[in-house]
Amino acid sequence: MSKNILLVIDMQNDFIDGSLGTSEACQIVPRVVETIREAVTNGDTIIYTRDTHGSDYSQTQEGRRLPVMHCIRDTQGWQIRDEVFAASQGSAHVVDKPSFGYTGWEQVLQGAPDVITMIGLCTDICVASNALILKALYPETQIIVDASCCAGTTPDNHRAALQTMKSCQVEIR
């Protein structure tokens with residue numbers, strides 16, 4: 001695996017223009033596609049995550065606190081946006097994660113990368129959760145969040161999450 005990782009967080013239909021979509025999420029799609037294409041050209045490893053829930057979502061703690069069905073396995077909303085996935089030209093790995101933050105990164109990455117650049121959705125939930133987990137696992141790895149390729153649940157939440165990550169030594173670009 002390349003020592004430079006592009007981590008594309010939850011660029012799924014439900015978070016872009018589906019059940020939890022926002023205009024800000026729709027607006028970042030072209031820049032996300034461009035960034036993925038650049039990573040392919042650079043020979044970086046590309047990893048997509050998919051927020052993944054079952055049909056019992058409404059009975060889970062998350063479902064009770066966020067009662068909006070989303071990212072149900074094998075639905076259209078669960079799929080990574082077509083043009084976003086196609087940008088990797090078939091060279092990407094996909095990680096299905098059952099919660100905001102994924103705790104299996106050590107098995108996926110198999111060693112500390114030099115640089116992990118993160119893009120995707122939602123800045124204030126899954127991007128921030130995973131950035132902080134990765135920073136804790138790999139304190140000497142440069143963790144970068146490209147703010148122009150992220151959107152939060154609201155613009156204010158996006159800005160607050162960027163500030164929190166910056167306070168935890170995640171580089172914000």
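A disulfide is taken here as a pair of cysteine sulfur atoms within 2.5 Å. By that yardstick, a search of the whole structure, which is a predicted model, turns up 0 disulfides. Take Cys149: the closest cysteine sulfur to its own belongs to Cys150 and sits 6.9 Å away, so the pair is too far apart for a bond. Cys149 is also buried, with a relative accessibility of 0%. Cys168 has Cys150 as the owner of its closest cysteine sulfur too, but here the gap is 16 Å, again too far for a bond. At 35% relative accessibility, Cys168 counts as partly exposed.

Helix 7 runs over residues 155-167. Its 13 residues span 19 Å from the first C-alpha to the last, close to the 18 Å expected at 1.5 Å a residue. Four names make up its buried set: His158, Ala161, Leu162 and Met165. These residues lie on the same side of helix 7, because they cover an arc of only 100° around the axis. Turn to the other side of the helix, and Asp156 and Ser167 are exposed.

As for what lies over the buried residues of helix 7, the cover includes helix 6 (123-137) along with two strands, strand 5 (142-151) and strand 6 (171-172). Just past the end of helix 7, Gln169 adopts a positive phi of about 65°.

Notes
Residues are numbered from 1 along each chain as its sequence is written. This is a predicted model: local features need pLDDT of at least 70, side-chain atom pairs count only at pLDDT 80 or more; totals for chains, interfaces and linings use all residues. Side-chain values use heavy atoms; hydrogens and water are left out. The expected span of a helix is 1.5 Å times one less than its number of residues. Buried means under 20% relative accessible area, exposed over 50%, partly exposed in between (1.4 Å probe, protein chains only). The arc is that of the directions from the helix axis to the C-beta atoms. Contact means heavy atoms within 4.5 Å.
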